[in-house]
Structure formats: C-alpha cells, structure tokens
Amino acid sequence: MVEVTVTPKSSLADRGVRVGVRGLSPSQLVTLRAWLRDEQGERFQAQAFFRATPKGDLDLGRHPALGGSYSGVCPMGLFWFLQPHNPFRRLLRRDVAGGPFLVHLEVFDGLLLATEPSEPPLASCQAERWYLGPGVRREPVRQGRVRGSLFLPP
C-alpha cells in the first residue's frame, strides 16, 4: 500500500517539513503534486517527477526530482514552487490569524502532465502551514501615517 507522509503535519510556514513516500514498486516512476487554495479560492500547484529507490521509497530531502516544477534535490520544492492556475496571481496570506493554508500532497503513478488527472492518486495527505504561532498576539499599529501590526510572543 502506497503512503505519502509529511512530517510534521502542522507547522509554521517558514519551517521545513519532511516529505516521503513508501510502498512504491522498485524504481517506479511517479509524480508528486502539491496544491492549495488561497483565501480567494485561487488554486496554486507544483509537481515533480521522481524515480523510487530499489526499496520502493522516496525522501524529497535525499532524492532528486527529475523534472516538473523544479529539478534536483530540494526538500521543500513542492511548497516553494507553488504556481497559480491563473497567471499574474501571487500566493500571500492576508489574514495570518485566520487559520492555516491546507496543502494537499498527492502521489500519482507515472508522469502526470495534465492539470486535472483522470486517475485517482495512489496516496494523499494534508499539511497545515500556519502563519501565526500559538499564543502570539497581533496588535494593530496606527500612529500618524504609520499603519501596521505588531506581533507579540506569548
């Protein structure tokens, strides 16, 4: 049974995570895809192609992407190379206290070139990417023409 994992499942957006896949056939060619929807519902996606080890596993921190949104060893590549479905959109979080971005990770058999796959993924999981740590308070700043936010630790 194929399993894709992200460790930790919940983390701050500026922290690294570990992405891995287990249960593949030896040297199987697969596509890993990450996607999310921003606050306006815009879809952002990244994908990369990999060849499983002879043991049938993958670790994005050790195994190079063969192509796709990026190539080479890049442990956070699927997160860093998220691109909008519609051009000229930017991925940013306006309401940092409103909850996490939910990043969906999926693994597909073979090279997936289509935006919308016709086959279901072999495995999938979700990762939460938070922009505000637990207990952090946000205080609005309005002094003269200065506008901003002050984030105070617990």
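**Salt bridges**

Start with the charged side chains. This is a predicted model, and a search of the whole structure finds nine salt bridges in it. Side chains of opposite charge can pair when their charged atoms come close.

Select Arg22 and Glu3. Their side chains meet in a salt bridge, 2.4 Å from N to O. Now colour the strands: Arg22 sits in strand S3 (residues 18-22) and Glu3 in strand S1 (residues 3-7). The two are 19 residues apart, and the pair links distant parts of the chain. Add a surface. Arg22 is partly exposed at 48% relative accessible area. Glu3 is partly exposed too, at 34%.

Next, select Asp38 and Arg89. These two form a salt bridge, with the closest N and O atoms 3.8 Å apart. Show the backbone around both. Asp38 lies in the loop between strand S4 (29-37) and strand S5 (43-51), and Arg89 lies in the loop between strand S8 (83-84) and strand S9 (101-109). The pair therefore ties together parts that are 51 residues apart in sequence. Buried or exposed: which word fits Asp38? Asp38 counts as buried, at 7% relative accessibility. Arg89 counts as partly exposed, at 34%.

Move to Arg137 and Glu139. Here the closest N and O atoms of the salt bridge are 3.3 Å apart. Arg137 is partly exposed at 46% relative accessibility, and Glu139 is partly exposed at 31%. Then pick Arg18, Asp59 and Arg62. Salt bridges with shared partners join these three into one network.

**Cysteines**

Select Cys74 and Cys125. How many disulfides does the structure hold? Zero. Why is Cys74 not bonded to Cys125? The closest cysteine sulfur to that of Cys74 is in Cys125, 17 Å away, and this is too far for a bond; a disulfide needs the sulfur atoms within 2.5 Å. Cys125 is likewise in no disulfide, its nearest cysteine sulfur being that of Cys74. Check the surface at both sites. Cys74 is buried at 14% relative accessible area, and Cys125 is buried at 11%.

**Strand S4 and its partners**

Select residues 29-37, strand S4. Seven of its nine residues are buried, leaving the strand mostly covered.

Add S5. S4 and S5 pair in the antiparallel sense over nine bridges. For a marker, pick Trp35: it stands opposite Gln45 in S5. Then follow the chain from one strand to the other. S4 and S5 form a hairpin with five residues between them. In the turn, stop at Gly41, which has a positive phi of about 90°.

Now add S9. S4 pairs with S9 as well, antiparallel, over six bridges. Here select Leu32 and find its bridge partner in S9, Val107.

**Gln83**

Return to Gln45 and measure across to Gln83. Their C-alpha atoms are separated by 5.3 Å, although these positions lie 38 residues apart in chain numbering. Gln83 belongs to strand S8 and is partly exposed at 48% relative accessibility. What does Gln83 contact, leaving aside neighbours within four places in sequence? Arg43, Phe44 and Gln45.

**Strand S10**

Select residues 123-130 and show side chains. They alternate along S10. Ala123, Cys125, Ala127 and Arg129 point to one face and are buried. Ser124, Gln126, Glu128 and Trp130 point to the other face and are not buried.

Bring in S9 again. S9 and S10 pair in the antiparallel sense over seven bridges. Leu102 has Glu128 in S10 as its bridge partner.

Then show strand S2 (residues 10-12). S2 and S10 run parallel, joined by three bridges. Leu12 stands opposite Trp130 in S10.

**Last stop: Ser11**

Zoom in on Ser11 in strand S2. Ser11 is buried, with a relative accessible area of 9%. Draw a line from its side chain to that of Arg129: a polar contact of 2.7 Å joins the two. Which residues does Ser11 touch, not counting those up to four places away in sequence? Val17, Glu128, Arg129 and Trp130. Keep S10 on screen for this view: Arg129 is on its buried face, whereas Glu128 and Trp130 point to the other.

Methods. Residues numbered from 1 in each chain as written. Predicted model: local features only at pLDDT ≥ 70, side-chain atom pairs only at ≥ 80, totals over all residues. Heavy atoms only, no water. Salt bridge = Lys/Arg side-chain N within 4 Å of Asp/Glu carboxyl O. Helix = DSSP H or I, 4+ residues; strand = E, 2+ residues; numbered from the N terminus. Buried < 20%, exposed > 50% of the residue type's maximum accessible area, 1.4 Å probe, protein only. Contact = heavy atoms within 4.5 Å. Pairing = 2+ DSSP bridges. Polar contact = N/O pair within 3.5 Å; in protein donor to acceptor, adjacent residues only side chain to side chain.
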